Amino acid sequence: MATPVALVTGASRGIGAEVARLLAAAGVHVLVNYREKAKRANAVVDGIRAAGGQASAAGADVCDGAQVEALLAAIGERFDALDVLVLNASGGLERGADPSYAMRLNRDAQLRLVTLALPLMAPGARIVFVTSHQAHFYPDKPVPDGYEPIAQSKRAGEDALLAAKPALAKRGIELKVVSGDMIDGTIIVRLLQRKDPASVEARRDQAPLPSVEEFATEIARAALQSNAPGTTYVGGADYLN
Ligand SMILES: NC(=O)c1ccc[n+]([C@@H]2O[C@H](COP(=O)([O-])OP(=O)(O)OC[C@H]3O[C@@H](n4cnc5c(N)ncnc54)[C@H](OP(=O)(O)O)[C@@H]3O)[C@@H](O)[C@H]2O)c1
């Protein structure tokens, strides 16, 4: 049987990099997507190869339709098919990001990537959308200062993908969502800590924040197992009450 192939967007660091390592450890050839940090993506690839896994760096800004088309064409040429697509790349909190950026990245780019990837995805293929509780439960629960555009746009991205779920199911493609509380030690939580320390402390008061490994494990599980729930929640049990 051919080695399964997964594209993990935004895998040059953080949660995406850990998902890439876990999928590779499970025998998948992982395409480690990055926007601009080629050196970091190559280090993730080297680490996977050193551990005996298969991986390749795959640069493309997912907001750039032409770059996404070129990436998918290259995947088609090299592998014929894409078995797993992990929609992990996200943003909007960056200093100086223009106001429309969060929606372009967290909604529009996600939907376009799925649409363009479909010709490579056969029945049995899986798509996983990675989100945060602060976005998944938007607008029903409070969000940290400065995070609202990200919460709104990631919620809109999730809604757009869920609207496509019946059409995906018709093609035999599963769509899964994995939502996490603030994840300990990540750059996003460090940024939030600066903007709104009380919101981070409030989450820590509920329970220890989940680790990158815990969150990535559930994302990898959703990507690999056909019986994973439609939505998996990691941490933040109080959100579910
Ligand atoms: N951190 C948390 O507390 C937390 C909690 C719950 C859910 N999540 C979700 O988990 C996912 C990953 O979060 P993270 O904290 O690991 O993120 P992160 O550290 O900010 O990493 C973002 C990754 O996305 C890439 N990226 C950004 N814009 C891109 C674009 N336009 N095209 C392609 N790649 C792009 C970056 O690549 P470059 O390095 O090349 O720029 C980087 O690899 C996100 O969906 C986030 O919402 C995070």
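Mentor: Before we start, a residue counts as near a molecule if one of its heavy atoms lies within 4 Å of it. Keep in mind that this is a predicted model.

Trainee: Okay, how many residues surround the ligand?

Mentor: Use that cut-off to pick out the shell. Among the closest residues are Ser12, Arg13 and Asn88. The full count around the ligand is 32 residues.

Trainee: Which element gives the most to that shell?

Mentor: Several elements chip in with at least two residues each, including helix 1 (14-25), strand 2 (29-34) and helix 7 (187-195). The top contributor supplies three residues, and that's strand 5.

Trainee: How many residues of the shell around the ligand are nonpolar?

Mentor: Sort the shell by residue class. You get 10 polar residues and eight charged ones. The remaining group, the nonpolar residues, comes to 14.

Trainee: What percentage of the ligand's exposed area does the protein bury?

Mentor: Look at the contacts to begin with: a polar side-chain atom of Arg35 lies 2.8 Å from an oxygen atom of the ligand, and a polar backbone atom of Glu36 is 2.9 Å from a ligand oxygen. Taken alone, the ligand exposes 910 Å². Of that area, the protein buries 97%.

Trainee: And where does the ligand sit?

Mentor: Val62 helps you find the spot, as one of its backbone N or O atoms lies 2.9 Å from a nitrogen atom of the ligand. The site itself is the largest pocket.

Trainee: Away from the ligand question, how far apart along helix 6 are Arg155 and Asp159?

Mentor: Their side chains meet in a salt bridge (2.5 Å, N to O). Both belong to helix 6 (residues 148-170) and are four residues apart, so their separation is about one helical turn.

Key. Residues are numbered from 1 along each chain as its sequence is written. This is a predicted model: local features need pLDDT of at least 70, side-chain atom pairs count only at pLDDT 80 or more; totals for chains, interfaces and linings use all residues. Side-chain values use heavy atoms; hydrogens and water are left out. A polar contact is a pair of N or O atoms within 3.5 Å; within protein, one must be able to donate a hydrogen and the other to accept it, and residues adjacent in sequence count only if both atoms are side-chain atoms. Accessible areas come from the Shrake-Rupley method with a 1.4 Å probe; for residues, only the protein chains shown count as cover. On a 1 Å grid over the protein atoms alone, a cavity is a set of points where a 1.4 Å probe fits but cannot get out, and a pocket is an open set with protein on both sides within 12 Å along at least five of seven lines; lining residues have an atom within 4 Å of a point. A molecule sits in a cavity or pocket if more than half of its atoms lie within 2 Å of its grid points. Ala, Val, Leu, Ile, Met, Phe, Trp, Tyr, Cys and Pro count as nonpolar, Asp, Glu, Lys and Arg as charged, and the others, Gly among them, as polar. A salt bridge is a side-chain nitrogen of Lys or Arg within 4 Å of a carboxyl oxygen of Asp or Glu.
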